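Q: Please give me a close look at one small part of this model. I would like to know what surrounds it and how it fits into the rest.

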Amino acid sequence: TIANIYAARMIIEHGSWDEYESSFGKFPGWLEKFCEDNAGSVGVCEVFEEGPQKGAFRRAFLSCGSIVHHIKCCGLRLLSQETFLL
């Protein structure tokens with residue numbers, strides 16, 4: 001019936017949200033561990049500082065140490081960035 005389908009959908013959606021929420025809770029620790037284990041890697045994880053989502057995951061950045069090294073040595077040419085001649 002339609003009621004059973006709706007009930008199953010709600011269970012799936014709420015279960016998925018719980019999985020997302022627990023995954024995001026593990027992410028800052030994973031990011032820190034990744035940077036410790038991979039020399040030169042840079043990782044930042046931000047949460048909302050205020051408002052109704054305070055403490056919730058906001059955004060993250062990760063750059064592997066090898067990429068950081070290549071950018072320092074080769075500059076933005078590695079990323080196919082061109083310089084403009086004046």
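A: Let's start with a term: a polar contact is a pair of N or O atoms within 3.5 Å. Within protein, one atom must be able to donate a hydrogen and the other to accept it, and residues adjacent in sequence count only if both atoms are side-chain atoms. The part to zoom in on is Ser41, where a polar atom of the side chain lies 2.9 Å from the backbone oxygen of Asn38.

Two notes on reading the values. This is a predicted model, in which local features need pLDDT of at least 70 and side-chain atom pairs count only at pLDDT 80 or more, while totals for chains, interfaces and linings use all residues. Residues are numbered from 1 along each chain as its sequence is written, and side-chain values use heavy atoms, with hydrogens and water left out.

Now the wider setting. The protein chain has two helices and two strands, in the order α-β-β-α from the N terminus. These elements are DSSP runs numbered from the N terminus: helices are H or I with at least four residues, strands are E with at least two. Ser41 sits in the loop between helix H1 (2–37) and strand S1, and S1 covers residues 42–47.

Is Ser41 buried or exposed? Ser41 counts as buried because its relative accessibility is 12%; buried means under 20% relative accessible area, exposed means over 50%, and partly exposed is in between (1.4 Å probe, protein chains only). Buried residues make up 8% of the 86 residues in the protein chain. Leaving aside residues up to four places away in sequence, Ser41 touches Phe34, Cys35, Ser63, Cys64 and Gly65, where contact means heavy atoms within 4.5 Å.

Two of those neighbours are cysteines, which invites a check for a bond. A disulfide is a covalent bond between the sulfur atoms of two cysteines, and the rule here asks for a pair of cysteine sulfur atoms within 2.5 Å. The count comes to zero disulfides. The sulfur of Cys35 has its closest cysteine sulfur in Cys64, 8.5 Å away, which is too far for a bond. Cys35 is itself buried, at 18% relative accessible area, whereas Cys45 is partly exposed at 25%.

On the helix side of the loop, Lys33 and Asp37 form a salt bridge at 3.2 Å, N to O. A salt bridge here is a side-chain nitrogen of Lys or Arg within 4 Å of a carboxyl oxygen of Asp or Glu. Lys33 and Asp37 are four residues apart in helix H1, so about one helical turn separates them. Lys33 is partly exposed at 45%.

On the strand side, Glu46 and Arg59 form a salt bridge, with the closest N and O atoms 2.7 Å apart. Glu46 belongs to strand S1 and Arg59 to strand S2 (residues 57–63), so this pair ties together parts that are 13 residues apart in sequence. Both are partly exposed: Glu46 at 28% and Arg59 at 45%. By this rule the salt bridges number two.

One last stop is Val44 in strand S1, partly exposed at 40% relative accessibility. Val42, Val44 and Phe61 make a nonpolar surface patch of about 250 Å². Patches use residues with over 30% relative accessible area and no salt bridge, joining like charges within 9 Å and nonpolar side chains (Val, Leu, Ile, Met, Phe, Trp, Tyr) within 5 Å.

Key: Areas by Shrake-Rupley, 256 points an atom, 1.4 Å probe, with all protein chains shown as cover.
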